[in-house]
Amino acid sequence: MTWYALQLKPAQGDRALANLQNQDIACFFPKITVETIKAGKRSKKLEPLFPGYLFVNLDQTDPMWAKLRSTRGVLRIVSFANKPAAISDDVIQHIKDSLDSVAEQGGIKPGQAIQLSEGPFEGINAIFQAYDGEARAIVLISFMHKQQKVKVPVSAIKK
């Protein structure tokens, strides 16, 4: 069996996934947690890694091919020269293996050691405390043998 990509109708990835799984088709719809800022508040939500695409594992002779195009949420089979484009098992496995590392690289976590890369505190090591709105962060720096809270631009933070 080989992996193939399906293009999905806009915002219907979960619908297509559910309908394909109901037909007993092996699917892979990778999602990652993304941190968003809306009205000054941070929130995390699960979003597709490849928006608008889903992967299916089928044999060329499988009778399910005829049902793919009419499955709710599926727009078309990604193909070149009227042949479905096969995707290597190695590529799919690499994506699966990489999902955990992508999730770990999210935002900066409270208590994480950072370095400030611009402004009056350039080159100073600090400890991240919290985000302060969309563009600023609160960090702790050591100054005169004391921990001081300082607000700095998020762009000045280097991990």
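Visitor: Which residues are buried in helix H1 (residues 13-22)?

Guide: This is a predicted model, and in its helix H1 the buried residues are Gly13, Ala16, Leu17 and Leu20.

Visitor: Why do these buried residues lie on the same side of H1?

Guide: The general idea is that an α-helix has 3.6 residues a turn, so residues three or four places apart point the same way. In this case, the buried residues cover an arc of only 100° around the axis, which puts them on the same side of H1.

Visitor: What covers the buried residues of H1?

Guide: The cover includes S1 and S2, together with strand S5 (53-58), helix H2 (65-68) and strand S6 (74-77). After H1 comes Asp24, and the phi of this residue is positive, near 60°.

Visitor: Now I would like to read the aromatic rings; how many aromatic pairs are there?

Guide: In general, a pair of aromatic rings is described by the distance of the centres and the angle of the planes. Here the count comes to 4 aromatic pairs. One of them is formed by Trp3 and Phe28, which are 6.4 Å apart from centre to centre, with 70° between the planes, and this pair is edge-to-face. The pair links distant parts of the chain, since Trp3 belongs to strand S1 (residues 2-8) and Phe28 to strand S2 (residues 26-28), 25 residues apart.

Visitor: Are Trp3 and Phe28 buried or exposed, and which residues form one aromatic cluster with them?

Guide: Trp3 and Phe28 are both buried, and they form one aromatic cluster with Phe50 and Phe55. In addition, Lys96 lies over the face of Phe28, at 5.1 Å from the ring centre.

Visitor: What is the order of the strands in the open sheet of 5 strands?

Guide: The order is S13-S12-S11-S10-S14, and the pairing is antiparallel. At the edges are strand S13 (146-153) and strand S14 (157-158), each of which pairs on one side only. Strand S12 (residues 136-143) is joined to S13 by 8 bridges, and Leu140 has Lys149 in S13 as its bridge partner.

Visitor: Along strand S10 (residues 113-116), which side chains point to one face and are buried?

Guide: The side chains alternate along S10, so to read them one follows the two faces in turn: Ile114 and Leu116 point to one face and are buried, whereas Ala113 and Gln115 point to the other and are not.

Visitor: Which strands do the bridges join to S10?

Guide: S10 is joined by 3 bridges to strand S11 (residues 125-132), with the two running antiparallel, and the bridge partner of Ile114 in S11 is Ala126. S10 also runs antiparallel to S14, to which 2 bridges join it, and there Gln115 stands opposite Lys158.

Notes. Residues are numbered from 1 along each chain as its sequence is written. This is a predicted model: local features need pLDDT of at least 70, side-chain atom pairs count only at pLDDT 80 or more; totals for chains, interfaces and linings use all residues. Side-chain values use heavy atoms; hydrogens and water are left out. Rings of Phe, Tyr and Trp (its six-membered ring) pair if their centres lie within 6.5 Å; planes under 30 degrees apart count as stacked, over 60 as edge-to-face and the rest as tilted. Helices (H or I, at least four residues) and strands (E, at least two) are DSSP runs, numbered from the N terminus. Buried means under 20% relative accessible area, exposed over 50%, partly exposed in between (1.4 Å probe, protein chains only). A charge sits over a ring if NZ of Lys or CZ of Arg is within 6 Å of the ring centre and within 35 degrees of the ring normal. Two strands pair if DSSP finds at least two bridges between them. The arc is that of the directions from the helix axis to the C-beta atoms. Contact means heavy atoms within 4.5 Å.
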